[in-house]
Amino acid sequence: METAFFPDGRLSFFAALLARYTAKPNPVPYKAFEDNFIQHSFWDKILEIAYLPWNMSVLFYYDIACLFLFAAPIAANCRPTREKSRYVPLLACLAVYFLMPHFTFQTSFLYERFALFVPIFYYLIWQKKPETPGRIAAKISEAACLLSALCIAALTGKAYLNNILFDRSQKLADFIKISQMMENGKKVLTVNDPLSISEGSLTSGGEFFHIAQWYQAERQGWADYSFASAHAMPVRMKMKEMYDGYSQVRFLSEYNLTRKTDCRRYDYLLILTANHTSDTLEKLLAANPSCSRVSHIKTIGKWSLFRRH
């Protein structure tokens, strides 16, 4: 599909993608959000380029390492190419990244997903210098090479450390214990206290938000994590007519437990909280007519398991 205007079809693909989402919005699945159109500022988008290719949230001091990785071509004694077609993927990707909103239409987490391509397409615009570098340029290249290696080592070490911390997490050990008390092939709704979904020592900030998917994968069950707004995830879309307040019930609140949660749809409720006792949770559920047959089974650590009889 090569033409003089579209060198290899990549620009036309991204242009069509941008036009599709801009011209035919479908905001219905996003009614759960207060605003169907969420646009980060231009400055925020620039700052997010530092960490979004590597992590869903700010990496704090590691975002400095991410920024220095954009200097990696200098370490390899490269210069920007003169082939215009090699700039097309990066420019097209940046156009979608900067022009499209974050949450709206028929996609979610658009910035995070398109940010993945930015470093890759950025590296494509560089090519090896044909001439031998001078003494000063060689020293700069050597320093940049060392710095890039240190940055890669830091990011790799952080990812590896996250795995170690997660595997040794007490909250994970407690989840494994309590999930073993659940029968195979059942339906479970996870309800999370926003202050309890993180371990605190990891980088994502929500390590246990969808952890019940482990039960679904390993025990042939069905874990409903109530994320009805995300098209590109393996979710069960439920509009208001099917389950009013579906996308809110994943968050722990007195209003949700007594009014919104429909326990008749599930065999288990798995609640993660450090601020409510099992007795308090049981009283709140008892006030909900649809949860009258739900009883407390076990509490381990910050996890409380309830069963509908």
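**View 1. An open sheet of five strands in the predicted model.** In this predicted model, local features need pLDDT of at least 70 and side-chain atom pairs count only at pLDDT 80 or more, whereas totals for chains, interfaces and linings use all residues. Residues are numbered from 1 along each chain as its sequence is written, and side-chain values use heavy atoms, with hydrogens and water left out. Five strands form an open sheet with mixed pairing, in the order β4-β3-β5-β7-β6; two strands pair if DSSP finds at least two bridges between them, and strands (E, at least two residues) and helices (H or I, at least four) are DSSP runs numbered from the N terminus. At the edges stand β4 (222-224) and β6 (294-300), each of which pairs on one side only. From one strand to the next, the twist averages 25°, where axes are lines fitted to C-alpha atoms, for helices over the stretch in contact, and angles run from 0 to 180 degrees between N-to-C directions. Strands of a sheet pair through backbone hydrogen bonds, either parallel or antiparallel.

**View 2. The parallel pairings of β3 with β4 and with β5.** Strand β3 (187-192) runs parallel to β4, and three bridges join the two; within this pairing, Lys187 has Trp222 of β4 as its bridge partner. β3 also pairs with β5 (268-272) in the parallel sense, over five bridges. In that pairing, Val188 is partnered by Tyr268 of β5, and Thr190 by Leu270 of β5. Five of the six residues of β3 are buried, so this strand is largely enclosed by the rest of the structure; buried means under 20% relative accessible area, exposed over 50%, and partly exposed in between, with a 1.4 Å probe and protein chains only.

**View 3. Strand β5 and its two covered faces.** Five of the five residues of β5 are buried, so the strand is largely enclosed by the rest of the structure. Tyr268, Leu270 and Leu272 lie on one side of β5 and Leu269 and Ile271 on the other, and both faces are covered, with all of these residues buried. Strand β5 is joined to β7 by five bridges, and these two strands run antiparallel; here Leu272 stands opposite Trp303 in β7.

**View 4. Strands β6 and β7 with the helices that lie across them.** Strand β7 (residues 303-308) is joined to β6 by six bridges, and the two run antiparallel. Ile300 has Trp303 of β7 as its bridge partner. Helix α9 (residues 170-179) lies across β5, β6 and β7, and runs at about 20° to β7. Helix α12 (residues 278-286) also lies across β5, β6 and β7, running at about 35° to β7.

**View 5. The crossing of helices α5 and α7.** Helix α5 (residues 88-99) and helix α7 (residues 117-124) have axes that come within 8 Å and cross at roughly 150°. The two helices are therefore roughly antiparallel to each other, a label given to angles over 145 degrees, while those under 35 count as roughly parallel, 65 to 115 as roughly perpendicular and the rest as oblique. The crossing of α5 past α7 is left-handed, a term used if the near helix is turned anticlockwise from the far one by less than a right angle, with right-handed used if clockwise. Pro89, Leu90, Cys93 and Leu94 in α5 meet Phe117, Val118, Phe121 and Tyr122 in α7. By class, this contact of α5 with α7 has eight nonpolar, no polar and no charged residues; Ala, Val, Leu, Ile, Met, Phe, Trp, Tyr, Cys and Pro count as nonpolar, Asp, Glu, Lys and Arg as charged, and the others, Gly among them, as polar.

**View 6. Two loop residues, Asn77 and Gln180.** Asn77 lies in the loop between α4 (72-75) and β1 (78-80), and at 12% relative accessibility this residue counts as buried. Leaving aside neighbours within four places in sequence, Asn77 is in contact (heavy atoms within 4.5 Å) with Lys128, Lys129, Glu131, Pro133 and Ser141. Gln180, in the loop between α9 and β3, is exposed, with a relative accessible area of 58%. Between Gln180 and Arg219 there are 9.4 Å in space, C-alpha to C-alpha, although they are 39 residues apart in sequence.
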